[in-house]
Amino acid sequence: MNGTMLNLLNTAEQRYLEAAEQQQLWQQFHAMTNRLKVYDQLRTQEAQIFRPVTRQMPHADEAAAESALRDWVGALRGAALAMVLDDPEFFDHRVGQWLQARPHSPLHTTLGQLLQAQLKTVLGSQGWPLLAPYWEQAQRCLSRP
């Protein structure tokens, strides 16, 4: 659960929320609703997001290409969940460590750039800013030298 929401609810465990606390909880709830819409869009359109990217990939060893694509699928799914939770630390601890342990390939950087362009197109100006911070975390993990 979102840390801010959890803190608010824990604070008011033996009392009702004050008006300002309720307002803050509503703001968090509406923000989470927006993030869930983007998450659902990513979940339902994952194949449509990756398909054009795979067509644009440079020719490479099939095993290396599959591995890099699999890494980016995991990165996108992890970034999407961290976005819903609004928790960059979740990404670092749950997904980032796994991604950093993956063998690096030059394809990671190329795929990351292609996917980012595709995500910006699919999510648009409303959805992309919600995912962007978590996507940047994924890129730092997979596009390292």
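**Exercise 1. Find which residues of helix α5 are buried, and what covers them.**

Let's start with the list: F90, F91, V95, G96 and L99 are the buried residues of α5. Bear in mind that we're working on a predicted model. Next, look at what sits over them: the cover includes α4 (62-85) and α6 (106-142).

**Exercise 2. Check the end-to-end distance of α5 against its residue count.**

Step one: α5 runs over residues 88-101, which makes 14 residues. Step two: at 1.5 Å a residue, the helix should span 20 Å. Step three: the end C-alpha atoms turn out to be 18 Å apart, and that agrees with the expected span.

Now follow the axis. α5 has a kink of about 45 degrees, and V95 is at its centre. V95 is also one of the buried residues of the helix.

Finally, go to the start of α5. There, the backbone nitrogen of E89 has a side-chain oxygen of D87 within 3.1 Å.

**Exercise 3. Classify the aromatic pair formed by W26 and F29.**

The structure has two aromatic pairs, and W26 with F29 is one of them. In general, you describe such a pair by the distance of the ring centres and the angle of the planes. Here the centres are 5.7 Å apart and the planes make an angle of 85 degrees. Edge-to-face needs an angle over 60 degrees, so the pair counts as edge-to-face.

Where do W26 and F29 lie? Both belong to helix α2 (residues 19-44), three residues apart, about one turn of the helix. An α-helix has 3.6 residues a turn, so residues three or four places apart point the same way.

Is F29 buried or exposed? Neither: its relative accessible area is 40%, so F29 is partly exposed, as the class between 20% and 50% requires.

**Exercise 4. Place Q24 in the fold.**

Q24 lies in helix α2. Its relative accessibility is 34%, which means Q24 counts as partly exposed. Leaving out residues up to four places away in sequence, Q24 touches T4 and L8. T109 is 85 residues from Q24 along the chain, and their C-alpha atoms are separated by 39 Å.

**Exercise 5. Sum up the whole chain.**

Count the elements: six helices, zero strands. Then take the box: the C-alpha atoms fill roughly 60 × 30 × 20 Å along the principal axes. Of the 145 residues, 39% are buried. Last, the contacts: among those between residues at least 6 apart in sequence, 74% join residues at least 24 apart.

Terms used: Residues numbered from 1 in each chain as written. Predicted model: local features only at pLDDT ≥ 70, side-chain atom pairs only at ≥ 80, totals over all residues. Heavy atoms only, no water. Helix = DSSP H or I, 4+ residues; strand = E, 2+ residues; numbered from the N terminus. Expected span 1.5 Å × (residues − 1). Bend = angle between axes of the 7 residues up to and from the residue. Buried < 20%, exposed > 50% of the residue type's maximum accessible area, 1.4 Å probe, protein only. Contact = heavy atoms within 4.5 Å. Polar contact = N/O pair within 3.5 Å; in protein donor to acceptor, adjacent residues only side chain to side chain. Phe/Tyr/Trp six-rings, centres within 6.5 Å; stacked < 30°, edge-to-face > 60°.
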